[in-house]
Amino acid sequence: MTTSTLNLPTTIAFGAGASRELPRHVQGLGKRHALIVTDPFFATCGLADDFLALLSRNNIGSTLFSGVQPDPTDTNVRAGLSVYRECGADLVIGLGGGSSIDAAKVISMLTANPEPMRAYMGYHKVPCAGVPLIAIPTTAGTGSEATRVAVITDTEHHEKMMMLSGHLMPTVALVDFELSMSMPKPLTAHVGIDTLTHAIEAYVSRKANSMTDPIALSCIALTASNLPTAWREPGNRKAREAMSIAACQGGMAFSNASVALVHGMSRPVGAVYHVPHGLSNAVLLPTVTKFSLSGAPERYAIVARTMGLASGADDDKSAAHKLVGGLEQLNEELEIPRLRDCVGAGREAFERSLDKLAADALASGSPQNNPLVPTAQQIVALYQEAW
Ligand code: NAD
């Protein structure tokens, strides 16, 4: 007998103003003092202060930790954990993009599980639940608000530690698209393609299942019809709202069906060359999709039709091929550069790092979920092709 499991947050509140309901959710959990985990941008732009004031008006104590950097590190997490302990909090709130939410997840997890952090890398390694976590996303991309995943950079080994455990799932997600409207165009593009990559990989993954398939397809359809508008017209509320829903759905889908080769190859690029996560996915997505087509042509064909890139008149093989062209075109439209323009290193240095990148990609386990499982040499060749 084969069974699958669907893990989701207990509550997902969404729509304009959903984040203003924060006090009600904190009170519903019976908590008295929140640690708000965020990055320096939100500490200076006033948003974190708004939430501190909102909680205070409702007689809930709160302390701010704003030391999260993009692609958060083990050092960021340890700093946040010591603030948590000093202030006597009993709840953690992750406010920001995937970086802040992931750091918040691991701070919450470490309240109940001892160091070393590295011990929790991989699948289902976290034994105990930490204090409850409320996630408030400000990018429409990672879907971290609805995933049981956290990605933290190990600064000693220059490696992104992927942790997957039910104990990393937020208890409450407040998906308020109004918080995403300030995203500049490049960030909108990067996180939007991240969303699309989550859903495509969840749909073609070897762990795809009948619960995650419709969620993944809904995310793909919403992204195809709204991402270009959200990028061209940052103030378009309809498109921003649709992308916030898509991102959350993408998180639900991949957290339960897994990501695959694009993410496996993207994480080492982020860890070694500090390329933002969504961007490193975007530069790899067309090349890796082309490689993977023959492993699941019928599934890729459905993705192409869902995105409006092929019709029922196209057979599966030609529909799947149209997907690659469509993804290349989308990258062009959103002004996504080539891999060589993002890594900040010359071709020779990049070539020298390829064996490590490929080994780290395979060690993450994600490529093993791909419709076509690559060898290390094939991964090296894919990096070279995407260059
Ligand atoms: P991010 O959190 O790293 O933020 C990037 C930058 O955008 C920051 O400077 C931030 O201040 C700024 N920003 C965020 N929201 C903004 C807004 N509304 N307006 C203006 N600026 C804003 O970006 P991200 O792409 O959301 O997160 C990336 C991280 O998430 C990576 O570490 C990646 O590995 C991780 N990730 C996690 C999961 C998961 O399930 N846990 C999934 C995918 C990616």
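## Two backbone exceptions

Asp 71 sits in the loop that runs between strand E3 (61-65) and helix H4 (74-87). The model is predicted. In it, Asp 71 is a residue other than glycine with a positive phi, near 55 degrees. Most residues other than glycine have a negative phi, and most peptide bonds are trans.

The second exception is a peptide bond. The bond from Glu 115 to Pro 116 is cis, and its omega is near 10 degrees. Pro 116 belongs to the loop between H5 and E5.

## Where the ligand sits

The ligand occupies the largest pocket. Four elements each give two or more residues to the shell around the ligand. They are helix H2 (40-45), helix H5 (98-110), strand E7 (149-154) and helix H6 (185-204).

The shell counts 31 residues. Those that come nearest to the ligand are Asp 39, Ser 99, Asp 102, Thr 139 and Thr 147. By type, the shell holds 13 nonpolar, twelve polar and six charged residues.

## Polar contacts to the ligand

Which ligand atom pairs with the side chain of Thr 147? An oxygen atom of the ligand does, at 2.7 Å from an N or O atom of that side chain. Ser 144 also uses its side chain: one of its polar atoms lies 3.2 Å from a nitrogen atom of the ligand.

Val 149 takes part through its backbone. A backbone N or O atom of Val 149 is 2.8 Å from a nitrogen atom of the ligand. How much of the ligand's accessible area does the protein cover? On its own, the ligand has 870 Å² of accessible area, and the protein covers 90% of it.

## The sheet that includes E7

Strand E7, which gives residues to the ligand shell, is also part of a sheet. Strands of a sheet pair through backbone hydrogen bonds, either parallel or antiparallel. Here the sheet is open, has three strands in the order E5-E8-E7, and its pairing is mixed. Strand E5 (122-123) and E7 are at the edges with a single partner strand each, so one side of each has no neighbour in the sheet.

E7 pairs with strand E8 (residues 159-164) in the antiparallel sense, over six bridges. Within this sheet, Asp 154 stands opposite Glu 159 in E8.

Conventions. Residues numbered from 1 in each chain as written. Predicted model: local features only at pLDDT ≥ 70, side-chain atom pairs only at ≥ 80, totals over all residues. Heavy atoms only, no water. Near = heavy atom within 4 Å. Polar contact = N/O pair within 3.5 Å; in protein donor to acceptor, adjacent residues only side chain to side chain. Areas by Shrake-Rupley, 256 points an atom, 1.4 Å probe, with all protein chains shown as cover. 1 Å grid on protein atoms, 1.4 Å probe; cavity = no way out; pocket = protein on both sides within 12 Å on 5 of 7 lines; lining within 4 Å. Sits in = over half its atoms within 2 Å of the grid points. Nonpolar A, V, L, I, M, F, W, Y, C, P; charged D, E, K, R; others polar. Pairing = 2+ DSSP bridges.
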